[in-house]
Amino acid sequence: AMHDSGWRRVVLKLSGEAFAGGDELGIDAAVVEYLAESIAAVVSEGIQVAVVVGGGNMFRGADMSERGMERGRADYMGMLGTVINCLALQDFLERQGVETRVQTAIHMSQVAEAYIPRRAIRHLEKGRVVIFGAGLGAPFFSTDTAAAQRALEIEAQAVLKGTQVDGVYDSDPHRNSGAVKFDRLDYNEVLTRGLKVMDATAVSLCMDNGLPIVVFDLMGKGNIVRAVRGEKIGTIVGR
Ligand code: UDP
């Protein structure tokens with residue numbers, strides 16, 4: 001289906017933080033249900049949706065490494081955490097009647113398919129939601145970077161980054177009431193001003209390949225549907 005944007009296939013990045021919802025840790029079922037309902041709605045319109053799931057509600061490698069754990073090992077723990085979120089989302093999506101496949105960058109054949117890009121595309125063409133877990137399968141990366149890389153490899157037209165704020169601001173809107181929101185930004189501006197969109201690795205990957213990033217408030221009612229349809233929402237980073 002073609003909408004405002006003409007996007008036919010998108011990657012939706014869901015942070016692990018969102019999965020925790022009101023809870024400190026773990027998974028808030030009400031949140032995952034809402035995410036699944038929203039994704040089901042856009043899939044029924046014929047838009048192909050792949051999801052990259054974060055793991056910040058479970059484990060962040062960098063935090064543990066600051067406390068003395070070997071960074072590589074801590075990051076693998078972080079990647080495994082994302083898979084738990086993937087399975088939760090898969091369950092709620094299937095209860096909505098949406099066909100899904102989880103593909104992980106770390107092989108775990110009882111639980112998920114291996115990441116095979118051409119197969120992922122095939123699933124999407126059949127109207128299945130593909131949920132990518134375990135990031136890129138490599139330490140020192142983030143699931144934001146995985147979202148950018150997966151979007152490029154499966155030829156998605158945009159990365160939609162759901163966050164806790166309704167776009168990108170010149171300063172933290174939770175701390176500074178005078179913070180100004182950007183409607184549009186250039187990649188270079190994000191990098192030079194150090195704006196909080198995605199980490200620099202992810203942003204430069206998008207910049208080098210002209211892949212648009214949409215930053216929007218994930219839990220705002222109807223926002224996922226609007227973002228996937230390419231309606232004006234949040235902040236768009238592009239050129
Ligand atoms: N991670 C990694 N390589 C990747 C993706 C993730 O090492 O390609 C690890 C890293 O430790 C990270 C954790 O997995 O802290 C959880 O992912 P992330 O912090 O990106 O989740 P989010 O912030 O989206 O909840």
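Gly-55 sits in the loop that runs between strand S2 (48–53) and helix H3, in what is a predicted model. Gly-55 counts as buried because 27 C-beta neighbours lie inside 10 Å, where 20 or more would be enough for that label. When its neighbours within four places in sequence are left aside, the contacts of Gly-55 are Gly-16, Gly-78, Gly-81, Thr-82, Asn-85 and Thr-143.

The last of these partners, Thr-143, is part of helix H6, and Thr-143 is likewise buried, since 29 other C-beta atoms are found within 10 Å. With the neighbours within four places in sequence again set aside, Thr-143 is in contact with Lys-13, Val-52, Val-53, Gly-54, Gly-55, Thr-82 and Gly-135.

Both residues also appear in a database record: the UniProt annotation "binding site", which comes from an unreviewed entry, covers Gly-55, Asp-75, Leu-136, Gly-137, Ala-138, Pro-139, Phe-140, Phe-141, Ser-142 and Thr-143. These annotated positions are spread over 89 residues of sequence, yet they cluster in space, with a largest C-alpha distance of 14.2 Å.

The surroundings of the ligand can be described separately. There are 23 residues around the ligand, and those that come nearest are Gly-54, Gly-56, Gly-61, Gly-78 and Gly-135. Two or more residues of this shell are given by each of helix H1 (16–20), helix H3 (61–66), helix H4 (71–95) and H6, and the largest share, five residues, comes from H4. In chemical character, the shell around the ligand divides into seven nonpolar, twelve polar and four charged residues.

The loop between strand S5 (129–133) and helix H6 (143–153) holds Ala-134, and Phe-140 is found in the loop between S5 and H6 as well. Ala-134 has a phi near 65°, a positive value in a residue other than glycine, while Phe-140, also not a glycine, has a positive phi of about 75°. As to burial, Ala-134 counts as buried because it has 27 C-beta neighbours inside 10 Å, whereas Phe-140 counts as exposed because it has 12, the limit for that class being 12 or fewer.

The neighbour counts discussed above are collected here.

| Residue | C-beta neighbours within 10 Å | Class |
|---|---|---|
| Gly-55 | 27 C-beta atoms | buried |
| Ala-134 | 27 C-beta atoms | buried |
| Phe-140 | 12 C-beta atoms | exposed |
| Thr-143 | 29 C-beta atoms | buried |

Methods: Residues numbered from 1 in each chain as written. Predicted model: local features only at pLDDT ≥ 70, side-chain atom pairs only at ≥ 80, totals over all residues. Helix = DSSP H or I, 4+ residues; strand = E, 2+ residues; numbered from the N terminus. Near = placed C-beta within 6 Å. Nonpolar A, V, L, I, M, F, W, Y, C, P; charged D, E, K, R; others polar. UniProt positions renumbered as here; feature names shortened; annotations may be inferred. Contact = placed C-beta atoms within 7 Å.
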